[in-house]
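Q: I'd like to get better at reading helices in a model. Could you walk me through it?

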Amino acid sequence: MKRLAAIVFIGALAAPGVFAQVIDKPAATVKLTKIEVISVKQFRQKIEALEARTGSPIPVADREKLLDLLISEILINQAAAKESVTASQAELDARIAMAKQSGGAGLNLNRELTDAEFRSLLQQSGMSWEEYQEQLKQAVIQQKYVLQKKKAFFDKIPEPDAREIEDFYESNKAAFVAPDMVRFQHIYIDTRNLASKDEKDKARQRAEDIYRELRNGASFSDLVVKYSDDRNSRYKGGDFGYLRRDDQARKQLLGRDFFEAPFKMKVGDVSGVLSSNIGFHIIKITEKLPFKLLGLEDPVPPQNASTVREQVSAQLLQRKQAEYYQQALMDLIDELKKKAEIKVFRENLTW
């Protein structure tokens with residue numbers, strides 16, 4: 001139920017047209033600054049969309065709770081509009097960039113998701129790019145409004161203390177490990193759009209010819225610029241980034257044989273032509289990091305930009321911020337409900 005509530009509240013409720021209001025039964029009417037009608041048709045569409053997204057039916061008894069969430073959203077939106085709270089394109093772009101960065105980290109890619117990858121994941125979740133942008137815009141406006149109205153409350157959020165950090169670390173110690181990691185440069189020949197065996201054979205021959213140039217003394221970095229199909233790394237020496245031993249997503253993408261090869265090599269080693277699920281590669285090992293249990297004061301590899309203690313502190317602070325935000329949101333909604341005119345037509349909630 002909590003998961004459904006979160007999905008509903010983040011979703012933006014489109015303002016109903018006059019024609020729809022006339023021919024549809026109302027599920028509820030809401031007025032803070034203006035009258036808005038949630039029609040039975042609209043509410044049913046919301047229910048069916050949620051059921052499709054979650055893969056489970058919503059009991060009739062829960063419909064009124066979900067309707068209350070939609071009412072709350074209308075109240076927040078009207079209140080934010082009254083205060084002229086808006087979301088700029090720069091703010092939306094920043095949120096999207098954060099989501100792409102988070103998505104890449106979640107998949108252990110050591111980079112942010114590309115636009116194509118991000119949109120593909122959205123599509124897999126059953127959401128179009130247009131729906132995502134509209135929901136994101138509404139979410140940003142709502143958050144800005146809550147933070148603006150409850151600023152004094154958020155100023156009271158305490159920083160995690162040493163005891164909290166140590167308790168969290170001890171309770172989750174098994175999760176603080178650095179797996180085996182390897183970093184390498186590669187010269188990449190892409191075969192993903194090659195359909196025939198003849199085309200793939202020619203691609204392999206191209207890779208073999210490049211390897212021959214390398215053996216004859218050509219610079220690895222020069223050959224990367226000259227031949228590699230990896231545009232992201234072509235002018236960075238062919239840097240593939242770090243490959244983690246526990247990265248199952250990349251193992252599936254690249255294929256087991258290619259995935260295992262760099263871990264068997266030493267720093268400075270150069271491979272022959274290696275085949276992956278996406279093409280042919282010639283790789284040069286630049287760094288290897290062994291498996292390690294991390295203590296609180298250890299830097300977190302591979303970037304070593306922060307310690308375990310700093311990351312735990314940041315994670316605990318985010319949890320507190322989320323808890324304070326939820327409380328502030330509920331308090332604000334209660335205040336708005338007292339000022340608003342709301343009518344729920346319970347007799348129209350069964351079908």
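Here is a short dialogue on helix faces, helix crossings and single residues.

Q: What kind of model is this?

A: It's a predicted one, so to speak of features here is to speak of a prediction.

Q: Let's start with α10. How many residues does helix α10 have, and how far does it reach?

A: Helix α10 covers residues 197–215, which is 19 residues. From first C-alpha to last it reaches 27 Å, close to the 27 Å expected at 1.5 Å a residue.

Q: Which residues of α10 are buried?

A: A general idea to start: an α-helix has 3.6 residues a turn, so residues three or four places apart point the same way. In this case, the buried residues of α10 are Ala203, Ala207, Ile210 and Leu214. Look down the axis of α10 and these buried residues fall within an arc of 60°, so they line one face of the helix.

Q: And which residues are exposed on the other side of α10?

A: There you find Lys197, Lys202 and Arg215, which are exposed.

Q: What do the buried residues of α10 pack against?

A: Two strands and a helix: β4 (181–190), β7 (279–289) and α11 (220–227).

Q: What follows α10?

A: Glycine 217 follows, and its phi is positive, near 110°.

Q: Tyrosine 211 lies in α10 too. How does tyrosine 211 count in terms of accessibility?

A: Burial is judged by relative accessible area, with under 20% counting as buried. Tyrosine 211 has 21% relative accessibility, so it counts as partly exposed. Leaving aside neighbours within four places in sequence, tyrosine 211 is in contact with Ser271, Gly272, Val273 and Ile282.

Q: How do I read a crossing between two helices, say α3 and α4? At what angle do they pack?

A: You read the angle between the two axes, and 65 to 115 degrees counts as roughly perpendicular. Helix α3 (residues 40–54) and helix α4 (residues 60–82) pack at about 110°, with their axes 11 Å apart. That makes α3 roughly perpendicular to α4.

Q: Which residues of α3 and α4 meet?

A: From α3 come Phe43, Lys46 and Ile47, and they meet Arg63, Leu66, Leu67 and Leu70 in α4. Sorted by class, that contact has five nonpolar, no polar and two charged residues.

Q: Now α9 and α14. At what angle do their axes cross?

A: The axes of helix α9 (residues 162–171) and helix α14 (residues 308–339) cross at roughly 105° and come within 10 Å. So α9 is roughly perpendicular to α14.

Q: Which residues make that contact, and what is its makeup by class?

A: On the α9 side, Glu164, Ile165, Glu166, Phe168 and Tyr169 take part. They meet Val308, Arg309, Val312, Ser313, Gln315, Leu316, Arg319 and Lys320 in α14. By class, the contact of α9 with α14 has six nonpolar, two polar and five charged residues.

Q: How far apart are methionine 330 and valine 146, in sequence and in space?

A: Sequence separation and spatial separation are two separate readings. Methionine 330, which lies in helix α14, is 184 residues from valine 146 in sequence and 9.9 Å from it in space, C-alpha to C-alpha. Now take tyrosine 211 and leucine 329: they are 118 residues apart in sequence and 61 Å apart in space, again C-alpha to C-alpha.

Q: One last residue: is asparagine 348 buried or exposed?

A: At 13% relative accessibility, asparagine 348 counts as buried. Its place is in the segment after β9 (341–344). Apart from neighbours within four places in sequence, asparagine 348 is in contact with Lys25, Pro26 and Val40.

How values were computed
Residues numbered from 1 in each chain as written. Predicted model: local features only at pLDDT ≥ 70, side-chain atom pairs only at ≥ 80, totals over all residues. Heavy atoms only, no water. Axes fitted to C-alpha atoms, helices over the stretch in contact; angles between N-to-C directions. Helix = DSSP H or I, 4+ residues; strand = E, 2+ residues; numbered from the N terminus. Parallel < 35°, antiparallel > 145°, perpendicular 65-115°, else oblique. Contact = heavy atoms within 4.5 Å. Nonpolar A, V, L, I, M, F, W, Y, C, P; charged D, E, K, R; others polar. Expected span 1.5 Å × (residues − 1). Buried < 20%, exposed > 50% of the residue type's maximum accessible area, 1.4 Å probe, protein only. Arc of directions from axis to C-beta.
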